[in-house]
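Here are some short exercises to work through with the coordinates open. Try each task yourself before reading its solution.

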Amino acid sequence: MNINKAVIFDLDQTLLDRTTSLINFLTWQTNYFRLVPNQIKQQFIQRFLDIDDNGKVWKDVVYESLTQEFMIKHISKEQLLESYINDFNKFSCCFRDVEETILELKQKGYLIGLISNGKTPFQEHNFYALGLTEFFTSIIVSEAVGLRKPDPAIFLLSCKQRGVYPHDCIFVGDNEMADIQGAKDVGMKTIFFNPDPSISSQIADQNLHLFKNFMQVLKL
């Protein structure tokens, strides 16, 4: 048993396959609100992804740009943003083998946590939709606690909530600065995740591309 060991995950593009979830949501939204003609739906979705920049740009800015660029008049950017906030979680999905990995970690006695930069309760709802909540002893969203990765304080808060030291924690994330460097700065071990085998981190302790290999990579 590893009752004094913890594995802490990022959410977007780590547990949550944000790109797939977002494309599925946008496909539904463009159809439901009839935002653009059929022949340019894919162009609209791609422009959203480009402006969104992997979640770095909040959606009020994204929708303002898109409604102007595609001359959308029959619905406001505020209505589209409200739909995003309320409906995105219905399309939330994990990367392959995430559920099995979390279950195995729990069975082996690891404490499991989440630290996500983002807005509340939006990120919580996206996480709850994955159906993994019961396995997590701590869930931290940056806006709710007034801290953001890579601030050391948010990593230390996660340790405090589950009663472990940083050197007994392994942080798993997709952002080399916010996740990997932030966690290393407080003494945590790190695993960089990216589903693209051509993308790896030079500063992480390990790199992961498939969750089916997680337990092997975990042996730091």
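The exercises below go from overall shape to charged pairs, and the model they use is a predicted one.

**Exercise 1. Work out whether the radius of gyration of the protein agrees with that of a compact globule.**

Step 1: Start with the chain length, which is 220 residues.
Step 2: For that length, a compact globule would have a radius of gyration near 17 Å.
Step 3: The protein has 18 Å, which agrees with the globule value.
Step 4: For the outline, take the principal axes: the C-alpha atoms fill a box of roughly 55 × 35 × 30 Å.

**Exercise 2. Describe the make-up of the fold, its burial and its contacts.**

Step 1: Go through the secondary structure, and you should arrive at ten helices and six strands.
Step 2: Turn to burial, where 48% of the 220 residues count as buried.
Step 3: Take the contacts between residues at least 6 apart in sequence; 61% of them join residues at least 24 apart.
Step 4: Finish with the accessible surface, about 10900 Å², with 49% of it belonging to carbon and sulfur atoms.

**Exercise 3. Find the salt bridge partner of aspartate 168 and place both residues in the chain.**

Step 1: The partner is lysine 5, and the closest N and O atoms are 3.4 Å apart.
Step 2: Aspartate 168 sits in the loop between helix H8 (152-162) and strand S4 (169-173), while lysine 5 lies in the segment before strand S1 (6-9).
Step 3: The pair therefore links distant parts of the chain, 163 residues apart.
Step 4: Compare each accessibility with the 20% limit for buried residues. Aspartate 168 is buried because its relative accessibility is 16%, and lysine 5 is partly exposed because its value is 35%.

**Exercise 4. Is the pair of lysine 59 and aspartate 52 buried or exposed?**

Step 1: Locate the salt bridge between the two side chains, at 3.0 Å from N to O.
Step 2: Check the accessibility of each partner: lysine 59 and aspartate 52 are both buried.

**Exercise 5. Set out the salt bridge of glutamate 143 in the same manner.**

Step 1: Glutamate 143 pairs with lysine 119, with 4.0 Å between the closest N and O atoms.
Step 2: Glutamate 143 belongs to helix H7 (residues 142-145), and lysine 119 to the loop between strand S2 (111-116) and helix H6 (122-128), 24 residues away.
Step 3: Glutamate 143 is partly exposed at 42%, as is lysine 119 at 33%.

**Exercise 6. How many salt bridges does the whole structure hold?**

Step 1: A full search finds ten.
Step 2: Look also for a network, and you will find one linking Asp10, Lys149 and Asp179.

How values were computed
Residues numbered from 1 in each chain as written. Predicted model: local features only at pLDDT ≥ 70, side-chain atom pairs only at ≥ 80, totals over all residues. Heavy atoms only, no water. Helix = DSSP H or I, 4+ residues; strand = E, 2+ residues; numbered from the N terminus. Buried < 20%, exposed > 50% of the residue type's maximum accessible area, 1.4 Å probe, protein only. Rg over C-alpha atoms; globule rule 2.2 N^0.38 Å. Contact = heavy atoms within 4.5 Å. Areas by Shrake-Rupley, 256 points an atom, 1.4 Å probe, with all protein chains shown as cover.
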